[in-house]
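Please examine the following structure with attention to its salt bridges and pockets. A series of questions and answers is requested.

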Amino acid sequence: MNFNFSEEVILEDEVVLLRPLQKSDVDNLLEISMNEPETWQYSLIRANGKDNLENYIQIALKARENGTEFPFIVFDKKSGKYAGSTRFYDIDLSFKTLQLGYTWYGKAFRGTGLNKHCKFLLLQFAFENLGVERVEFRADNNNQRSIAAMKSIGCKVESVLRNHMPTLGSELRRDTIVLSILKEEWFLDVKAKLKSTLSCDS
């Protein structure tokens, strides 16, 4: 497995384009950030408001420099607007594993099929270009929308990590659900099933 973190990776199909997140993308994501703060309800690092958005992007870019994460901005070709962000993180080159997450979209782009197009491109790149053996997904166990989205693309539930993480602005701790897709599952049926849903959503 080899990943050049300085490479300008661009993934796209007829519906969506993913390109590396940049500092200047504050301007492209500011409308969602200012008007839809609930987007980060389940996040420890939030991007609501300009200051938080700038900090969010800065943290993501620093992680890319450190070779642990690769963040993307998501552009919706149908509307001609930027829809949100996603990234590879906890990238372990020696173990051939990574996590896919920090995914969020503005309200106008949820339920449109955009997420499946993004996930197809990202999973295809991870398994077929990078050669990873496993892609892991995690979410707050209360975040039913996110969990349903992950299951719909072929993720299998592995476990729930109880009392796993703190929550922002509260003494409560969250349970974290862990899901994954393995390389053999991708080639066996996940890729074909996910691809078949793209034509329905396009």
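The questions below concern salt bridges, pockets and one exposed residue of this predicted model.

Q: How many salt bridges does the count come to?
A: The rule requires a side-chain nitrogen of Lys or Arg within 4 Å of a carboxyl oxygen of Asp or Glu. By this rule, the count for the predicted model comes to 14 salt bridges.

Q: Are D25 and R19, whose side chains meet in a salt bridge, buried or exposed?
A: The side chains of D25 and R19 meet with an N to O distance of 2.6 Å. A residue is classed as buried when its relative accessible area is under 20%. Both D25 and R19 are buried.

Q: How many residues apart are K107 and E38?
A: The side chains of K107 and E38 form a salt bridge, at 3.8 Å from N to O. This pair links distant parts of the chain: K107 is in the loop between β5 and α3, and E38 is in the loop between α1 and α2. The two residues are separated along the chain by 69 residues.

Q: Why does K107 count as partly exposed?
A: Partly exposed covers the range between the buried limit of 20% and the exposed limit of 50%. K107 falls in this class because its relative accessible area is 47%. Its salt-bridge partner E38 is also partly exposed, at a relative accessibility of 37%. The value asked for K107 is 47%.

Q: Which residue forms a salt bridge with R87?
A: The closest N and O atoms of the pair are 2.8 Å apart. R87 belongs to strand β4, while its partner is in the loop between α2 and β3, 18 residues apart. R87 is buried, with a relative accessible area of 2%, and the partner counts as buried at 12%. The partner is E69.

Q: Which residues are linked with R134 in a network of salt bridges?
A: The network joins R134 to other side chains through salt bridges. The residues linked with R134 are E136, R138 and E158.

Q: Which element gives the largest share of the lining of the largest pocket?
A: The largest pocket holds about 1,100 Å³ of space, and 42 residues line this pocket, with Y102, T103, W104, N143 and S146 the closest to its centre. Elements giving two or more residues to the lining include β4, α3, α4 and β8. The largest share, seven residues, comes from β5.

Q: How many residues of the lining of the largest pocket are charged?
A: The lining residues divide into nonpolar, polar and charged groups. There are 18 nonpolar and 15 polar residues, and the charged ones number nine.

Q: Which element gives the most to the lining of the second largest pocket?
A: About 200 Å³ of space lies in the second largest pocket. Its lining includes N28, L29, K81, Y82 and K107, and divides into five nonpolar, three polar and four charged residues. Both α1 and β4 supply at least two residues. The element that gives the most, with five residues, is α1.

Q: Is K193 buried or exposed?
A: K193 is located in helix α5, residues 183–201. The exposed class begins over 50% relative accessible area. With a relative accessible area of 55%, K193 is exposed.

Q: What is the C-alpha to C-alpha distance in space between K193 and G154?
A: K193 and G154 lie 39 residues apart in sequence. In space, from C-alpha to C-alpha, they are separated by 8.1 Å.

Key
Residues numbered from 1 in each chain as written. Predicted model: local features only at pLDDT ≥ 70, side-chain atom pairs only at ≥ 80, totals over all residues. Heavy atoms only, no water. Buried < 20%, exposed > 50% of the residue type's maximum accessible area, 1.4 Å probe, protein only. Helix = DSSP H or I, 4+ residues; strand = E, 2+ residues; numbered from the N terminus. 1 Å grid on protein atoms, 1.4 Å probe; cavity = no way out; pocket = protein on both sides within 12 Å on 5 of 7 lines; lining within 4 Å. Points joined across faces, edges and corners; volume = space filled by probe spheres on them. Nonpolar A, V, L, I, M, F, W, Y, C, P; charged D, E, K, R; others polar.
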